[in-house]
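Student: I would like to take a close look at a single part of this protein. Could you please guide me through one residue and its surroundings?

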Amino acid sequence: QKGRFREFYQCDADVVARDVLPLNYDAELVSLIYFTFKKLAIGDFVVRINNRKILTGLLEEFDLKSKSGQILRLADKKEKMSPERFLAELSELVENQ
């Protein structure tokens with residue numbers, strides 16, 4: 001669609017292990033990103049980590065497993081809505097548990 005095209009560059013870093021992947025690799029990948037961006041001197045940046053297993057575990061802990069699909073979909077849309085609307089929709093989902 002006209003006006004929606006954005007140019008971007010991509011670089012991949014893969015971690016391979018047999019059977020179990022130790023958690024410290026998560027931290028090492030963040031470190032790799034940090035030091036690469038610093039070396040490239042791209043300016044200020046934010047590294048965001050999205051791990052659905054962590055969020056799903058939190059939702060289960062708060063007895064919201066039955067609403068996890070709806071809450072995760074809402075979380076995916078968070079950047080596109082106002083904080084007030086996001087909190088209102090989240091509150092509605094939680095209250096109607």
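Tutor: The following account takes one residue of helix α2, its surroundings, and then a patch on the surface. Please keep in mind that the model is predicted.

We begin with L59, which is found in helix α2. Is L59 buried or exposed? Its relative accessible area is 7%, and since buried means under 20%, L59 counts as buried.

Which residues does L59 touch, once its neighbours within four places in sequence are left aside? The contacts of L59 are then with L64, K65, S68 and I71. One of these, I71, is twelve residues away from L59 in sequence, while the C-alpha atoms of L59 and I71 are 8.8 Å apart in space.

Another of these contacts, S68, deserves attention. S68 belongs to helix α3, which covers residues 68-77. With a relative accessible area of 16%, S68 is also under the 20% limit and is therefore buried. The side chain of S68 reaches the backbone oxygen of K65 at 3.0 Å, and K65 is itself among the residues in contact with L59.

Finally, we turn to the surface. V47 lies in the loop between α1 (24-40) and α2 (52-61). V47 counts as partly exposed because its relative accessibility is 32%, a value between the limits of 20% and 50%. Together with I33, F37, L40, I42 and I49, V47 forms a nonpolar patch on the surface. The accessible area of this patch is about 530 Å² in total.

Notes. Residues are numbered from 1 along each chain as its sequence is written. This is a predicted model: local features need pLDDT of at least 70, side-chain atom pairs count only at pLDDT 80 or more; totals for chains, interfaces and linings use all residues. Side-chain values use heavy atoms; hydrogens and water are left out. Patches are made of residues with over 30% relative accessible area and no salt bridge: like charges are joined within 9 Å, nonpolar side chains (Val, Leu, Ile, Met, Phe, Trp, Tyr) within 5 Å. Accessible areas come from the Shrake-Rupley method with a 1.4 Å probe; for residues, only the protein chains shown count as cover. A salt bridge is a side-chain nitrogen of Lys or Arg within 4 Å of a carboxyl oxygen of Asp or Glu. Helices (H or I, at least four residues) and strands (E, at least two) are DSSP runs, numbered from the N terminus. Buried means under 20% relative accessible area, exposed over 50%, partly exposed in between (1.4 Å probe, protein chains only). Contact means heavy atoms within 4.5 Å. A polar contact is a pair of N or O atoms within 3.5 Å; within protein, one must be able to donate a hydrogen and the other to accept it, and residues adjacent in sequence count only if both atoms are side-chain atoms.
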